[in-house]
Amino acid sequence: MSKGEGMEKMLEAYLAAVAAQLPKDRREDIVTELKDEILTRAEVREDELGRGLSDDEFEQLLREVGHPLVVAGRYAEGPQGIVGPELYPWWWFGVRMAIAAVVLVSVMGVAVQVLAGTIDPAQAIGRAIQQAITSGLMAIGCVTLAGWLIERQPARPKFLCDWKVKDLGMFEWSGSLNREAVSKMLATGSTGAAGTTGGIKAKGSGKCSHGFSPVAGAAASAVFTAVVLAWWLGLLSQMQLGSVTGADGLDYGPLLRQVHQLLYWPVAGILAGRILFDVMRVLTGSPVRLTAAGDMVFSVANIAVLVWFWVASPLASIIQVPDMGGLVERLASDSWHTQPIAALLTAIVVFGLVTEVFRFIGAALRLASGKDRRQSED
């Protein structure tokens with residue numbers, strides 16, 4: 001085949017564009033093979049026409065071969081998608097958990113503002129929707145980035161190849177998230193396996209196993225905590241702590257800003273540590289003793305933050321109560337009208353401390369026995 005100067009330049013430009021996308025160690029061989037293929041096609045086309053190809057016809061032939069990016073992709077090594085079909089159910093689960101976490105955080109933030117009387121309900125709903133949309137898109141991007149990184153690891157994560165039947169129910173639940181699926185989960189105490197009536201029976205008890213499997217729970221915890229961390233750092237939406245005047249006439253805004261400033265890095269460190277720990281649980285299959293030890297550490301950290309909030313924070317003198325009687329009085333119905341913010345903060349600290357103490361005790365028992373609640377019922 002005899003090529004004109006225009007066809008020669010087009011071929012060189014085409015091959016150069018393909019070569020730029022190829023690995024260096026295979027570039028020369030692939031370009032040579034591709035050039036032979038293009039020239040062979042051109043010769044066949046010329047034989048069919050009984051004449052040489054024009055520049056426009058040769059350019060059309062190159063289009064038929066494919067765009068340089070697409071052609072180079074045929075020779076690429078590794079995955080060709082952001083998230084492959086094997087990882088997709090986990091990615092979709094992560095997206096739904098991230099959106100649920102974003103909505104929950106937005107609603108909680110707006111509820112506090114409405115309770116404090118710093119914003120009217122209509123404006124609060126509009127702000128919550130705006131924050132949820134913006135934060136949700138960013139959260140989806142973070143989950144997708146995580147999926148992209150996992151997809152390109154040299155070894156498949158353990159949760160992809162060493163799964164168990166009890167893990168399958170979370171995909172049924174997260175795949176619909178409709179009223180029937182949620183009601184089913186709450187009624188059975190389990191996400192159930194796909195195609196079952198909800199839940200896996202525990203031996204000899206007739207009861208269903210509880211909630212997600214440890215691996216699924218770790219994945220959900222990692223996603224949720226990542227959303228909370230992004231919110232705390234101001235990556236999803238800026239924390240708006242302006243003037244927050246309660247019914248008692250006290251402006252809590254400056255105090256809350258001081259608390260956020262003082263706790264910024266400690267809380268960020270705890271949340272980041274929790275994410276890394278949950279990711280490690282997913283990759284290792286969430287061993288009982290490893291999970292229990294980690295839960296104990298994070299319970300101690302959470303208790304330390306709550307105790308500091310109670311005894312040494314800028315709000316300590318406001319939320320503290322002298323005794324149990326004072327606590328009951330603070331949490332009584334009248335206080336929610338006269339001192340709503342103080343009552344809310346006191347309730348958060350007190351019930352948070354109680355929850356973390358019981359969580360620490362439960363983790364210590366699991367660490368000692370090597371069995372979780374699900375195993376103890378079998």
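This passage looks at the nonpolar core of the structure and at its salt bridges. The model is predicted, so local features are reported only at pLDDT of at least 70 and side-chain atom pairs only at pLDDT 80 or more, while totals for chains, interfaces and linings use all residues. Residues are numbered from 1 along each chain as its sequence is written, and side-chain values use heavy atoms, with hydrogens and water left out.

A good place to start is the largest nonpolar core (buried Ala, Val, Leu, Ile, Met, Phe, Trp, Tyr and Cys residues joined through side-chain atoms within 4.5 Å), which has 28 residues. Inside this core, L263, F309 and L315 have the most contacts. At least two residues each come from α10, α11, α12, α13 and α16, helices being DSSP runs of H or I with at least four residues, numbered from the N terminus. Helix α11 gives the most, with nine residues.

The whole structure holds 10 salt bridges, each a side-chain nitrogen of Lys or Arg within 4 Å of a carboxyl oxygen of Asp or Glu. One of them pairs R274 with D295, with the closest N and O atoms 3.2 Å apart. R274 lies in α11 and D295 in α12, so the pair ties together parts 21 residues apart in sequence. R274 is buried at 16% relative accessibility, as is D295 at 13%; buried means under 20% relative accessible area, exposed over 50% and partly exposed in between, with a 1.4 Å probe and protein chains only. D295 also forms a salt bridge with R366, at 2.7 Å between the closest N and O atoms. Salt bridges that share partners join R274, D278, R281, D295 and R366 into one network.
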